[in-house]
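Q: Could you walk me through how to read a structure like this one, feature by feature?
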Amino acid sequence: MNVLNEVLAWLTDPAQWSGPDGIPVRTLQHFWYSLLATAIAAAVALPIGVYIGHTGRGALFAVNLTNLGRAIPSLGIIILMFTIFGFGIAPVLVTLFALAIPPIVTNSYIGVRSVDPDVRQAAEGMGMRGRQVLWQVELPMAMPLIMAGIRTSAVQVVATATLAAFVGLGGLGRYLIDGLAQRNLAEVVGGAILVAALSLVTELVLGRVQTLVVSKGLAERGADAAVRAKVEKAA
Amino acid sequence: MRRIRLGGVALAACLALLLAACGGGDDALEGGTQPNEQSSVTVGSTNFSEQLILAQMYAAVLKKAGVDVTVRPNLGNREVVFPALEKGEIDLLPEYNGSVLSFLNPDATETTTEEVNTALTPLLDGKGLVALQTSPAEDKDGWAVTKETADKYGLAKVSDLKGKASQLVVGGPPELETRPAGLPGLKKVYGIEDFKEFKALDAGGPLTTSALNKGDIDVGRVFTTQGAIDEFGWVVLEEDKPLQPAQNIVPVGRKDAMTDQVKQALDAISAKITTEELTKLNKLVDVDKQDPEKVASDWLTQQGLL
Amino acid sequence: MTDGPAPVLAAELIRWSWIGDHLDDIRDDLLQHVQLTVLAVLFGLLLAFPLALAAIRWPRLYGPILGTTGMLFTIPSLALFILLIPFTGLSTSTSLIGLTMYTLLILIRNIVEGLRGVDRDVREAAEAMGYTRARQLLQVELPLALPVIIAGIRIATVTTIGLVTVTALIGQGGLGQLFIDGFTLNFATPIVVGIVLSALLAFTADLALVGLQHQLTPWARSRGR
């Protein structure tokens, strides 16, 4: 197909890879918006999810938050934020932040909650108090799910950060918006491929981080699978 | 137990909505995918308020003339909407002769109304389209700065930008960088050097408005009939050299849909609409947030066209 | 320096009179939204089932199917719709094709996982009782896989409700039209209405599907979920 050739030509054109409009710059902008939003969201959502998991209060909220979060249309949020804040990075950050919170809260909650009660009892039997149980037992055991939540959020955020271009900012979404405006289909396809690639890279990198962060003992015992089964039942 | 009952209620609600959707909502889904007959006209528009007003005006007079009309507003920007016209998904668009010309021929350099119309006719003809009578009203492309910027750099005419552009950030639609009437034109006709930075925003839309007001850009591409100009006290730089083409409002439609009846109804509007009138109407929608449909019908009634 | 958008917040986030004047448009947008969602999920189901069954029958297909669908999912929806325009125009077909692709991706995964998750013993018992393959599938495996499948339908439905708003950028949009209106007019009311309604729609649909699940799996009820 002719379009495929044009896309390849566009992607391999050296002009695309340099300058303030080049792919590297746009990718960095895209990555920056995503990183900022996900990091802040994790900083807020993790403690909340863990707290709910540890104390059991607000469980209904945590379990359903992901479903509710999926119901909020990001396009609407960013347009609303633009109407309130005007031009600038605020609309993008608020929207992506809102998008990233639900999976992290829900997964952190389930992760902590589904720690085997026997293990918790054993820890208490060993003389550990609430906070120690949390930090030394529950959190490490919840890591697989917590990381899964962060991964899910990050990938969603990267895919949605294309909206930044809609409110006049940078990022890979520019290729979609500009390509549409200039009727350059190759640019649109190229941009889409780049976003998909960045999402994939995010997924892979965070997957690697997960294997590093999760304690070897857990990984070997296949705790991941058991916990995943619990998640499916709760969903 | 409670969950089941709530679920049951929700299920019932969904079913009810579904039935309503199947029954009464067909109009909402239709529009644009049917073949067009002589007696029905689909009016489309892009997504800014002037377009919405004009589309509603066209629809109103056509309806009065006994034509079956469907309005499909807010379809996107011209890049998306014009092909729809070519394909027959819509039959009629409120357009600007200069913009259509540069859309169909990006290298066009004609500037006066007559020149533009003459150049436009064969281009449209080749696509099965026709431009009806152009109106005296023009919505030209302009360069706007805030009053503060105008005072600070002493800007009143476009040629005042010379020597100062390198300190200024300019914003506008993405194609501003490449179109002859855009940045290249400033260089070629006025000898203005490169701006400090170009930000791709939109064409006279909310992004450019916000960025200009907040100082993220110093010079913005605007449409001269925008309500925002008065609302925020912007200064539109005077075009002291011919660069921007004429931008007369003109209905562009598919030849087979532009019957004499249709032409007559639309020409009546084109004869009466002026730049001042259009600017006033835009203000009602942009600033007072009135409904484009209401603004259109009020004006038409005033003019004795409805 | 005047800051254009700020007065919007100060003045009115919701102008109730606007809502009153535009009930018809809002209703049309809502209906269009529902139609697009329902059709996309239905078509997605119709297409996902055979593909899922194929993936189970020939397990070697599953990896590639999952991989491709997973990758397609990362393509920004706006790009997909834009790409379809030259082929199917500014019509509902464009929106539907794009939306169905996304529901397909979600549903295949869940149908396969659901069917796979049926206890081997149960399947073998059915086989031992003389059930044909087809009967096994319809009367044993499918019902048992229902919770996971419906979970997938729930996700697909809620996700689609969000995606439909993106089609506003190509002239459709359902409730997304309200976002465009608010954007071009710099007016918060239609945007808020659009957000609230699509959230409510998603919430209602989700609840309804959970209710459906409870109806269809009576054996799960007695276990006191």
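A: Let's start with a sheet: chain B has an open sheet of five strands in the order β7-β6-β8-β5-β9, with mixed pairing. Strands of a sheet pair through backbone hydrogen bonds, either parallel or antiparallel. Two strands count as paired if DSSP finds at least two bridges between them, and helices (H or I, at least four residues) and strands (E, at least two) are DSSP runs numbered from the N terminus. Please keep in mind that this is a predicted model, in which local features need pLDDT of at least 70, side-chain atom pairs count only at pLDDT 80 or more, and totals for chains, interfaces and linings use all residues. Residues are numbered from 1 along each chain as its sequence is written, while chains are lettered from A and ligands numbered from 1 in the order in which they are written.

Q: Which strands of chain B stand at the edges of that sheet?
A: They are β7 (197–200) and β9 (235–236); each has a single partner strand, so one side of each is left without a neighbour in the sheet. For β9(B), two bridges join it to β5 (residues 141–145) of chain B, and the two run antiparallel. One bridge pair to find is B:Ala144 with B:Val236 in β9(B).

Q: Which helix lies across β5, β6, β7 and β8 of chain B?
A: That is α9 (residues 206–214) of chain B, and it runs at about 140° to β8(B). For such angles, axes are lines fitted to C-alpha atoms, for helices over the stretch in contact, and the values run from 0 to 180 degrees between N-to-C directions.

Q: How many residues of strand β10 in chain B are buried?
A: A residue is buried if 20 or more other C-beta atoms lie within 10 Å of its own, exposed if 12 or fewer, and partly exposed in between, with C-beta atoms placed from the backbone. In β10 (residues 249–254) of chain B, six of its six residues are buried. This strand pairs with β3 (residues 92–96) of chain B in the antiparallel sense over five bridges, with B:Pro94 matched to B:Pro251. Three bridges also join β10(B) to β4 (residues 129–131) of chain B, again antiparallel, and there B:Val130 is the partner of B:Gly253.

Q: What should I look for in a helix, such as α5 of chain C?
A: An α-helix has 3.6 residues a turn, so residues three or four places apart point the same way. You can also check the length, since the expected span is 1.5 Å times one less than the number of residues. For the 12 residues of α5 (residues 77–88) of chain C that gives 16 Å, and the end C-alpha atoms are 16 Å apart, which agrees. Its buried residues include C:Leu78, C:Phe81, C:Ile82 and C:Ile85. Just after α5(C), C:Gly89 takes a positive phi of about 70°.

Q: And how many residues does each chain bring to the contact between chains A and C?
A: Two residues are in contact if their C-beta atoms, placed from the backbone, lie within 7 Å. By that rule, 30 residues come from chain A and 36 residues from chain C. On the chain A side, α4(A) gives the most, with nine residues.

Q: What about the overall make-up of chains A and C?
A: Chain A has 12 helices and zero strands, and chain C has 11 helices and zero strands. Of the 235 residues of chain A, 50% count as buried.
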